Number of protein chains: 2
Amino acid sequence: MRIKMIIAYDGTDFNGYQIQPDARTVQQELEVALSKLHKGANIKVSASGRTDARVHAKGQVIHFDTPLSIPMAKWPKALNAVLAKDVRVLEASEAPESFHARFDACGKEYRYVIDRSRVQDVFLRNYAYHYPYPLNMEAMKMASRHLLGTHDFTAFCSTKTEVEDRVRTIESIEFTEEGDKLTMSIRGSGFLYNMVRIIMGTLLNAGTGMTQPGEISDMIFSRDRTKTGKTAPGHGLYLYKVFYDN
Amino acid sequence: MRIKMIIAYDGTDFNGYQIQPDARTVQQELEVALSKLHKGANIKVSASGRTDARVHAKGQVIHFDTPLSIPMAKWPKALNAVLAKDVRVLEASEAPESFHARFDACGKEYRYVIDRSRVQDVFLRNYAYHYPYPLNMEAMKMASRHLLGTHDFTAFCSTKTEVEDRVRTIESIEFTEEGDKLTMSIRGSGFLYNMVRIIMGTLLNAGTGMTQPGEISDMIFSRDRTKTGKTAPGHGLYLYKVFYDN
């Protein structure tokens, strides 16, 4: 039986999602926990995509196959009992044998949180990017509008990006403020390596006036990573939701 | 010159406020940092009161004396530069030589945060008490009203409490809900050892129906710690504000 799960994790103590030697990763944590439930058998977990070191997830989606006949409603509790406290299974459901967490994903929402307080909020130090500089929110919103739609986002992804096709569609970018906490919610068809963090860094430049909103279109057109802003740090980023057609 | 500071700390990695051998404490962190600014000289720090292991502070108040002539506006930055990231100085001001962070405090506000989500919120695991059981909020509020005013709170403090006079005044107890996050704000003249945590544990019993709101007055009258609820865990508690007359 194929099982689909929605999971959350605090990325602080993980070296990212994907398994690698000699580093604690979310995938390894999941596979070790599943192995315990399967009498030591290896269970391969597939996720909707990787997340980098210190990046968090509130709605990562994974799938795996199991011969066990645990009632579906008991799966979250069973797996949470053997998982470390910084990874939690929120929901489990049976999926068709053809379901794939990565290939079937038709969209994603990420959130990026900025702590604008003068002195860094101790409780947000691992959960938001401390950026105590004045920001012109209107300029950031104007700049963000130029990113909407379907574009080649080569200028907005890491130069290490391996995929050839860098055309992606951004459906929405929204900002919400709550005290000194500024959150960008970005939704799109899919995101390239470091894309959300580079967009955030570039929009912060628009907020400080270093970049004019109208320059965003030229940046996209340039397909040149050196024209865009810094990659904002991983610990402000959250994989918030993964969308599927069904 | 005597300096008063408002500080915040994440209690997760501290064994409480007060210095003790072979354990990381907030006071030690502050005194080591101040020593660095004072060419190795010992600077004794006094706080409004202790906090226990894993208890947080958003508005702890401390004072110390210094011969340095750093401009007051630069003190937070100077000290934050040598402090660990989980303690931050929020404000500094010059205080009269007679000011004492503990003896001059005329009231305090604590907050206690409860995570009511079915599956523990990974981001609150060190910052809220996970309590996924149904709660009758009206019963909790009714019970809390019996605690208001001036009472002998012997039944609501640790049996290890050393002070003789256990009469304290609770001015207000308020509950706010935000999604699955329930916050109790409690303000009073002063609080005995574990008092807020025992009040929280007792009000949770009122919420589940284990205790009837009307029983609270009998509990107070009994002066018997065995009549009241469990001490709620430290990691849900925040010292929020300390009040002074001036």
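**Reasoning about residues and the interface in a two-chain model**

A:Tyr110 lies in strand S5 (residues 105–115) of chain A. The model discussed here is predicted.

Colleague: Why is A:Tyr110 called buried?

Modeller: Buried means under 20% relative accessible area. A:Tyr110 has a relative accessible area of 9%, and is therefore buried.

Colleague: Which residues does A:Tyr110 touch, apart from those up to four places away in sequence?

Modeller: The residues touched by A:Tyr110 include A:Met184, A:Ser185, A:Ile186, A:Phe191 and A:Val196. The run from A:Leu237 to A:Tyr240 is touched by A:Tyr110 as well.

Colleague: What does UniProt list for A:Tyr110?

Modeller: The UniProt record, an unreviewed entry, lists A:Tyr110 under "binding site". Such annotations may be inferred rather than shown by experiment.

Colleague: Let us turn to A:Gln60, in strand S3 (residues 56–65) of chain A. Is this residue buried or exposed?

Modeller: The limit for buried is under 20% relative accessible area. A:Gln60 has 0%, so it is buried.

Colleague: What makes the pair of A:Gln60 and A:Ser48 a polar contact?

Modeller: The N or O atoms must lie within 3.5 Å, one able to donate a hydrogen and the other to accept it. The side chains of A:Gln60 and A:Ser48 make such a contact at 2.5 Å. In addition, the side chain of A:Gln60 reaches the backbone oxygen of A:Gly49 at 3.0 Å. Both A:Ser48 and A:Gly49 are among the residues that A:Gln60 touches, as are A:Tyr9, A:Tyr17 and A:Leu239.

Colleague: What makes B:Gly179 an exposed residue?

Modeller: Exposed means over 50% relative accessible area. B:Gly179 has 73% relative accessibility, and therefore counts as exposed. B:Gly179 is found in the loop between strand S8 (167–178) and strand S9 (181–188) of chain B. Its C-alpha atom is separated by 22 Å from that of B:Lys58, the two residues being 121 apart along the chain.

Colleague: How do you know that the two copies are related as by a two-fold rotation axis?

Modeller: A turn of 180°, with a shift of 0.0 Å along the axis, lays chain B on chain A with an RMSD of 0.0 Å. The two copies are therefore related as by a two-fold rotation axis. In chain B, the C-alpha nearest this axis belongs to B:Phe123, at 5.1 Å.

Colleague: Why can one say that the copies meet through the same surface?

Modeller: Of the interface residues of chain B, 100% are also interface residues in chain A, so the copies meet through the same surface. The contact involves 22 residues of chain B and 22 residues of chain A.

Colleague: How much area is buried between chain B and chain A?

Modeller: About 1,700 Å² is buried, with carbon and sulfur atoms giving 64% of it. In chain B, the most area is lost to chain A by B:Val122, B:Phe123 and B:Arg125, together 36% of what that side buries.

Colleague: Why is the pair of B:Asp10 and A:Arg125 called a salt bridge?

Modeller: The cut-off is 4 Å between a side-chain nitrogen of Lys or Arg and a carboxyl oxygen of Asp or Glu. For B:Asp10 and A:Arg125 the closest N and O atoms are 2.8 Å apart, and the pair forms a salt bridge. Across the interface of chain B and chain A, 2 salt bridges are found.

Colleague: Which strand gives the largest share of the side of chain B that touches chain A?

Modeller: S4(B) does, with 4 residues.

Definitions and conventions. Residues are numbered from 1 along each chain as its sequence is written. Chains are lettered from A and ligands numbered from 1 in the order in which they are written. This is a predicted model: local features need pLDDT of at least 70, side-chain atom pairs count only at pLDDT 80 or more; totals for chains, interfaces and linings use all residues. Side-chain values use heavy atoms; hydrogens and water are left out. Helices (H or I, at least four residues) and strands (E, at least two) are DSSP runs, numbered from the N terminus. Buried means under 20% relative accessible area, exposed over 50%, partly exposed in between (1.4 Å probe, protein chains only). Contact means heavy atoms within 4.5 Å. Copies are superposed by least squares on the C-alpha atoms of residues with pLDDT of at least 70 in both. Buried area is the accessible area (1.4 Å probe) that two parts lose on being put together, summed over both.
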